[in-house]
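User: I would like to go through this structure and ask how its labels are justified. Please keep the answers plain.

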Amino acid sequence: MAEAAVAAAPTLEIPPAPDEVPLLEAVSITKLYGDFVANDAINLEIWPAEVHALLGENGAGKSTLVKMIYGLLQPTAGEFRWQGQPIVLSGPAAARARGIGMVFQHFSLFEQLTVAENVALGLDKAELAGLDERVREVSRSYGLPLEPKREVWRLSVGERQRIEIVRCLLQDPKLLILDEPTSVLTPQEAEQLFRTLRVLRKEGRAILYISHKLEEVRALCDTATILRGGKVIATCDPRSETAQSLASMMVGGEVGAVRSDGAKKLGNPRLVVRNLNYTPDDPHGVKLDGITFELAAGEILGVAGVAGNGQDELFAVLSGEALADDPAAVRIDTRDAGRLSITERRRLGAAFVPEERLGHATAPRFKLSENALISGHAASPMVRRGFIDRAQARAFVDRITKAYDVRKGKPDPEAVSLSGGNLQKYVVGREILREPRLLVVSQPTWGVDAGAAAAIRQAIIDLAARGAAVLVMSQDLDELYEISDRLVVMCAGRLSAPRQTRRADRGEIGMLMAGVGMKGTANAARP
Amino acid sequence: MQLVLERRPERSRVMALASPLIAVALTLATGAALFALLGKPPVEALKIYFLDPLRDPWALQEIAVKATPLVLIAVGLALCYLANAWNIGAEGQFLIGAICGGWLAVKTHGTDAGYWVLLAMLLLGAIGGALYAAIPALFKVRFGASEILTSLMLVYVAELLLDYLTRGPWRDPKGFNFPTTAEFDAVATMPMLIEGSRLHFGAIIALIVVAGATVVLGRTLKGFEIKLVGAAPRAARFAGFSDKTLTVVTFLISGALAGLAGIVEVSATINHLQPNISPGYGFTAIIVAFLGRLNPVGILIAALFLALTFIGGESAQISLKVPLDLTKVFQGILLFYVLACDTLILYRFRLVFAPKVAHGVR
């Protein structure tokens, strides 16, 4: 790192006046993952002494952009300029040498080591002298009280975050990137963090602040860049916007083509969830708190929300991968199902499509015909008296292939060899061809090309039209507006009251997703 | 220029077959070097070790006899390992199987019990091994204790139990104070396949077990469950398979097979209990399982090869005056190479001529 700093010196000798050029400028930055455009010609200017918010839903491209700024990813096209000069950020070391520091959402600390030892791990040997004193000094002058000699395992989450911040500050950064820093903090800790950030701004440092909490952004930030679908939607002064207007920019103002068959006849309630509480084993999981809703035969219910607000836990409890305490909290067709296994729920006519198609919905190194058994063994002629009928399994794969146009190199390849879109069509087809009476599907079209996405949405709509009840969890609000009859919003382990999708206001939905106006929302991520 | 290990886009089928062969070749090369260091002619030594037994009818028979317990144990271990359950204590389950079956032989000794005795002994051996394997499995699923440690430690408990029984309560009063039980009666002895040879009916049992395991793994839902839990735990949970239940089930099966191997070995080749009834079959079977790629038929071949190292080791001890422990060294080296060569299935070596320089700042 020291060498890199020396190499960087010549450009630093002639810094243009800070008021004339941005500290960091992204010029038409594009990042492709295969065919998927994660960042589409992003332009962004970050000025010294500015707290700049990067706003967007999950999947809007925030992380991709930030990772490129920190050198973890390389752009496919476009360039970064640092104080007006084009630069290549070949890695985090190069970024740090420039003066870019980053505090990640997930900390990388050794629990058994002390604060000072953890800080020392990121430094060169030459910088270690008098480290304790410097840690103490930096932490005091920025209002981040830390005791260098304490072991990390004794510290609260907020204190741990301070270590990460101090670690960055010791390198005297010009630009500090914070990735959803308050998602793990209590309101009081967050308030203290804001004070620190204001001090840093006063010193002339720039801060790139990633968040989807609108009130916070309005209170703290000077500028906000809003991303949606990998594009910059707007750059604005958040203080002169309302949370409402920011939310509608974040989730898209224009209402998509909504189905107009309003007079849809719904059947009996098929999935009834009453006051469902669930505490996951994983301490980082989200607690489900009093989830209540009804889903009728023929209906598509959309669950909107930013990822990590309890969707995974809700999916697990509905599918039976995790069990509720109260058997009656989940009822499928009037049967108490809260304590039934996923196999028993499948036998009741339920089917499930998890978010992750590789590793969860399918085993990567298993053939498609073997993967057919994962959900098919519960009730299908593929398994008879414990023996697998391979011919039946292969025939089932052929049916899926034909019905959902799954493109594959050979008749029965390993799941891992399929493209994302084709594998997703296979997984959705595998469940829908069983003609379930209830389908719970999470992120049906995540990272799938437009053609496959349309096919999958159509299949879901057709299934509901045949009388099945469908629950769709998605972070793609456009998708939910397109296919769902009613919408609920999930935030911090709670569910909002349902709304008719046709009458649901995007701004209001966006606010609920950001936790504004959610009745009694607890900060579930709080330790 | 540098050598880098890079991930293959997909698993190499060629390497899946070649890796055990490469491992054997590397073991032989290392063995030759070892012999040279010991001052023995390397080529001659390898010939005595690995080729001469194959030309001698007696040795060939002996290889089959030694391979029998290895196959029985290793097939069970393969089921465990495929399901990501790490039973390292087959040696202990082998001994407990021998003790449980041997108990009946000791108790019916000198009575006019019929031929049911042998069948009951085999059954008791399997049950004993299964129950002994259940201990680490239950500790694992109930308390999260590492089954690797607990199953291994229980080996020493079993060894000391056998030692105690044969020196104490079960010792043959007419045995001149040797720590052995009385010789088993004819009804407690495994019948031989060929009269006057040592090739016994246990070899047939081993072949049946191989066939059975092949069917279970290839054709049944249970086999699919075992493979899925090991290969993709999250997908297995989604399929409704419980990894905890499966840990217990595979431990029970492998314990039963190890226990069966123990009582087969004792009733067929030793004919009494004594403190030392196994040259480490339970541990060698771990090597067999991996060398056989956790595939029942592969295990059959691998067990014959490992049995060869036992026989070759004995003759090398006689004609070359090398220590018998060299056999264990060979087996250890072989396991090392097998595991190392498996890397080649998913990775490949590549020479990079222009080393990539991390250009920090332009």
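Analyst: This is a predicted model. In chain A, the hairpin of E1(A) and E2(A) has 2 residues between the strands, and A:Gly34 takes a positive phi near 60 degrees there.

User: What makes E1(A) and E2(A) a pair of strands?

Analyst: Two strands pair if there are at least two bridges between them. E1(A) and strand E2 (residues 36-46) are joined by 7 bridges and run antiparallel, so they meet that definition. One of the partnerships is that of A:Leu24 with A:Ile46 in E2(A).

User: How do you know that E1(A) also pairs with strand E4 (residues 77-82) of chain A?

Analyst: By the cut-off of at least two bridges, the 5 bridges between strand E1 (residues 24-33) and E4(A) suffice, and these strands run antiparallel. A:Val27 has A:Glu79 as its bridge partner in E4(A).

User: Why does the span of helix H2 (residues 42-55) of chain B agree with its number of residues?

Analyst: The 14 residues of the helix should span 20 Å at 1.5 Å a residue, and the end C-alpha atoms are 19 Å apart, so the two values agree. H2(B) also bends by about 40 degrees at B:Ile48.

User: Which residues of H2(B) are called buried, and what do they pack against?

Analyst: A residue is called buried because 20 or more other C-beta atoms lie within 10 Å of its own. In H2(B), B:Ala45, B:Ile48, B:Tyr49, B:Phe50 and B:Pro53 are buried. They pack against helix H1 (13-37), helix H3 (57-82) and helix H12 (296-320) of chain B.

Technical notes. Residues are numbered from 1 along each chain as its sequence is written. Chains are lettered from A and ligands numbered from 1 in the order in which they are written. This is a predicted model: local features need pLDDT of at least 70, side-chain atom pairs count only at pLDDT 80 or more; totals for chains, interfaces and linings use all residues. Helices (H or I, at least four residues) and strands (E, at least two) are DSSP runs, numbered from the N terminus. The expected span of a helix is 1.5 Å times one less than its number of residues. The bend at a residue is the angle between axes fitted to the seven residues ending there and the seven starting there. A residue is buried if 20 or more other C-beta atoms lie within 10 Å of its own, exposed if 12 or fewer, and partly exposed in between; C-beta atoms are placed from the backbone. Two residues are in contact if their C-beta atoms, placed from the backbone, lie within 7 Å.
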